[in-house]
Every structure is written in C-alpha cells, then in structure tokens.
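Here are a few exercises for getting to know a new structure. Have a go at each task before you read its solution.

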Amino acid sequence: MPQDKLLAITTTILVCWVIFIIAWERISPYRKGLAFFREGFWVDLVWYTLIQSYFLKILIFDYLIAPVQHHFNWSAIQFVKDWPIAVQVLFFVVTHDLYIYLFHRFQHSNKTFWRIHEAHHSGKEVDFLSGSRSHAIEIIINQTIEFAPIILLGADPAVIPIKALLDAMFGMFIHANVKVKLGKFKYFLNSPELHLWHHANYQEVFHANFSTKFAVWDHLFGTAYDPGHAPGNKPENWGLGYHYPKDYFLQHAFSLKRFHEPDLLKYPWFKRYYYLRPALLSAFLRIFWKKNSSKPNVQQPEIYNTPLTSHQQKEILQ
Ligand SMILES: [Zn+2]
Ligand SMILES: [Zn+2]
C-alpha cells in the first residue's frame with residue numbers, strides 16, 4: 001500500500017478514535033464534573049500535541065535517525081526484513097513497551113531523570129489529552145529509541161505509521177477520564193483503571209503502575225497497584241505535591257532550575273509574556289463571537305497564592 005494512502009487511513013482512524021474517546025468521557029466519566037476545557041487544556045493541545053510533536057518529529061527522524069542510518073551499513077542485522085508486517089508491528093510494540101516500562105520505572109527512582117518526567121505528572125485534571133504532556137527531552141529519548149530500531153533493523157515503512165497510531169490510541173485511552181473495567185484482561189492490557197492511579201498524588205503509587213500498553217509488566221515485576229477504588233476527586237489527590245509552572249517554556253525551565261512561577265510576575269516583561277496567551281485567546285474569541293465581545297470567555301491563568309510549606313520549599317528548591 002502506498003505510504004500516503006496508509007497515512008490517510010491511520011489519520012482517519014485517529015480522528016474517529018478522538019471523537020469516540022471524547023464521547024466516552026462525557027457518557028461514562030471516571031471523575032465526574034471534569035470540564036472539557038480543563039486546566040492546561042490549551043498548553044497540552046497547542047504546545048505539546050501540535051507544536052512540540054511537529055518539531056521533535058523532524059529532529060528525531062531527519063537529524064538523529066537518518067544520519068545514523070546513512071552513515072553505517074545496517075544490512076547485516078536487518079533480521080525483521082522478511083517478516084510479515086503484522087509480526088514486525090507486534091515485535092516492536094512488545095519490545096518497546098518493555099523498554100518504556102523499565103525506563104519509566106527508572107525515571108521515578110532517579111532524581112535527574114525525574115526532572116524530565118514530572119511534567120507528565122503535573123496535571124491535576126487528567127483526561128485523554130494529558131498523555132501528550134511530556135518533556136521534550138523525554139520524547140527525544142523515547143521516540144528515538146522507539147523508531148531507530150524500526151528503521152535500522154529493516155522493517156517495512158508501514159510499521160512506523162501503524163506503530164505511531166497504536167501509541168496515540170493507547171496514550172489517549174489510558175489517560176482518558178473513563179470508567180472502564182477490563183475484568184481478567186486488566187492483568188494483560190493497561191487501562192485508565194491502573195494508569196489514572198499512576199497520576200494520583202499518593203506515596204503508594206509513586207513507584208507503581210509504570211506500564212503503558214501491557215499491564216502485564218507491572219504484574220510480572222510486582223509494581224501493580226490496584227486498590228479497586230478511585231483516588232478521590234480533590235485537587236490534592238492528583239498531580240504533583242508541589243507547585244509546578246503552568247507555562248510550556250517555564251515547565252521546561254523548571255527541569256533545569258527550581259523557581260516559584262508567581263515570583264516571576266514581579267518582572268514587567270515576564271508579566272506581559274505570561275498574560276499574552278490568554279489575551280490573544282480573548283481577542284480571538286471576541287472577534288469570533290462578536291456578540292460576547294464585552295465578556296471574553298477566557299480566564300487569566302490562576303496565580304498561586306498558597307505559601308509553600310517548608311518541606312515543599314526544600315523539595316522543589318533543591
Ligand atoms: Zn510516571
Ligand atoms: Zn500518564
């Protein structure tokens with residue numbers, strides 16, 4: 001099948017899947033009352049899903065994998081070349097999923113690598129889009145390790161869009177705010193039942209539920225946490241136990257240097273930048289819905305008012 005036709009098919013399936021998941025979240029929510037345009041929705045959609053993905057795809061495929069592919073002769077190790085496409089997909093799905101489990105587990109136990117993973121845990125309202133919030137360095141590491149072997153070991157070009165589609169579908173599914181019971185399959189397949197707990201703010205789950213597609217890794221390696229009930233619906237039950245920046249660039253800066261985002265608002269240039277996005281959005285909505293021009297429907301970003309406890313200060317400023 002020509003690659004452009006395959007891309008059209010995978011894109012269509014993905015769009016249908018998004019519509020399906022959004023409808024499912026409305027019909028059977030895991031946490032009731034979660035708004036569609038929840039806290040961080042636009043950051044996740046515009047910065048992480050659209051802009052970051054676009055540029056990192058170019059970086060990973062054209063500037064990291066392609067030079068390695070062209071610089072060396074890989075024909076001697078292209079053992080997957082003659083396998084049926086379905087077997088190639090299965091092989092890379094399983095091996096990469098095991099790698100992701102191990103790397104994810106390592107990130108939770110290593111201080112430096114936690115810095116490039118905490119962004120993923122920062123959302124207090126987790127839904128189908130939350131999986132997209134991953135630090136740029138985390139994506140570069142994981143997707144290079146994911147797609148380089150597919151290309152270098154001689155897989156069919158169809159494997160890349162099929163694998164990418166499965167990643168996107170599973171990513172949305174395990175983060176979706178949906179009530180789902182997989183029965184006995186939950187020991188094999190991952191689902192929101194386990195992964196939403198991984199996003200909860202509890203000691204017990206900080207070192208649990210690392211799986212992405214196959215929950216079997218957590219059960220096999222003894223890291224499954226499945227208490228049979230939901231984490232609770234209060235903000236403190238979810239996300240990080242310390243303040244985390246709301247801005248895309250500050251989220252990345254925070255991984256290098258700890259700071260308290262609201263403190264930066266004392267600088268006029270920062271204040272202008274910080275409020276630029278909601279101001280632009282308000283202006284856009286005012287033009288779009290002229291009738292409501294006097295009441296733009298966009299809130300300013302919330303500013304933290306709660307002082308940090310000394311323990312939190314110590315933890316984030318270290
Ligand atoms: Zn994690
Ligand atoms: Zn997650």
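Buried residues make up 25% of the 318 residues in this protein, and the model you are looking at is a predicted one.

**Exercise 1: the overall picture**

Task: work out how many helices and strands the protein has, and explain why it can be called as compact as a globular protein of its length.

Solution: Begin with the secondary structure, which comes to 14 helices and zero strands. Reading from the N terminus, the elements go α-α-α-α-α-α-α-α-α-α-α-α-α-α. Next, take the radius of gyration, which is 21 Å for the protein. The globule rule gives 20 Å for 318 residues, and the two values are close, so the protein is as compact as a globular protein of that length. For the extents, the C-alpha trace spans about 60 × 45 × 45 Å along its principal axes. Finally, look at the contacts with a separation of 6 or more: 69% of them come from residues 24 or more positions apart.

**Exercise 2: H1 and H7**

Task: describe how H1 packs with H7, using the angle and the distance between their axes.

Solution: A quick reminder first. Two packed helices are described by the angle between their axes and the distance between the axes. Here H1 covers residues 3-27 and H7 covers residues 159-175. Their axes are 10 Å apart, and the helices pack at an angle of about 5 degrees. That makes H1 roughly parallel to H7, since angles under 35 degrees count that way.

Now for the residues that meet. On the H1 side you'll find Leu6, Leu7, Thr10, Ile13, Leu14, Trp17, Val18 and Ile21. Their partners in H7 are Pro161, Ile162, Leu165, Ala168, Met169, Met172 and Phe173. Sorted by class, this H1 and H7 contact has 14 nonpolar, one polar and no charged residues.

**Exercise 3: two partners of H6**

Task: find out which way H6 lies relative to H3, then do it again for H6 and H2.

Solution: Start with H3 (residues 85-107) and H6 (residues 136-152), whose axes come within 11 Å and cross at roughly 155 degrees. H3 and H6 are therefore roughly antiparallel to each other, as angles over 145 degrees count that way. The crossing of H3 and H6 is right-handed. In this pair, Phe92, His96, Tyr99, Ile100 and Phe103 of H3 meet Asn142, Ile145, Glu146, Pro149 and Ile150 of H6. The tally for the H3 and H6 contact is seven nonpolar, two polar and one charged residues.

Move on to H2, which runs over residues 41-71. The axes of H2 and H6 come within 9 Å and cross at roughly 45 degrees, so H2 and H6 are oblique to each other. The crossing of H2 and H6 is right-handed. Among the H2 residues in this contact are Gln52, Leu56, Phe61 and Val68, while the H6 residues include Ala136, Gln143, Phe147 and Leu152. By class, the contact of H2 with H6 divides into 14 nonpolar, four polar and no charged residues.

**Exercise 4: three leucines**

Task: decide whether Leu45, Leu59 and Leu90 are buried, partly exposed or exposed.

Solution: Count C-beta neighbours within 10 Å; the cut-offs are 20 or more for buried and 12 or fewer for exposed, with partly exposed in between.

- Leu45, in H2, has 14 such neighbours, so Leu45 is partly exposed. Leaving out residues up to four places away in sequence, Leu45 touches Leu50 and Leu129.
- Leu59, also in H2, has 15 and is partly exposed. With the exclusion of residues up to four places away, Leu59 touches Leu64 and Ile140. Leu59 and Phe249 are 190 residues apart in sequence, and their C-alpha atoms are 18 Å apart in space.
- Leu90, in H3, has 12, so Leu90 counts as exposed. The C-alpha atoms of Leu90 and Ser255 are separated by 34 Å, with their positions 165 residues apart along the chain.

**Exercise 5: a positive phi**

Task: locate Asn209 and say what its phi value is near.

Solution: Asn209 sits in the loop between H9 (203-206) and H10 (216-220). Its phi is near 55 degrees, a positive value in a residue other than glycine. Most residues other than glycine have a negative phi. As for burial, Asn209 has 25 other C-beta atoms within 10 Å, so Asn209 is buried.

Methods:
Residues numbered from 1 in each chain as written. Chains lettered and ligands numbered in written order. Predicted model: local features only at pLDDT ≥ 70, side-chain atom pairs only at ≥ 80, totals over all residues. Axes fitted to C-alpha atoms, helices over the stretch in contact; angles between N-to-C directions. Helix = DSSP H or I, 4+ residues; strand = E, 2+ residues; numbered from the N terminus. Parallel < 35°, antiparallel > 145°, perpendicular 65-115°, else oblique. Contact = placed C-beta atoms within 7 Å. Nonpolar A, V, L, I, M, F, W, Y, C, P; charged D, E, K, R; others polar. Left-handed = near helix turned anticlockwise from the far one by under 90°. Rg over C-alpha atoms; globule rule 2.2 N^0.38 Å.
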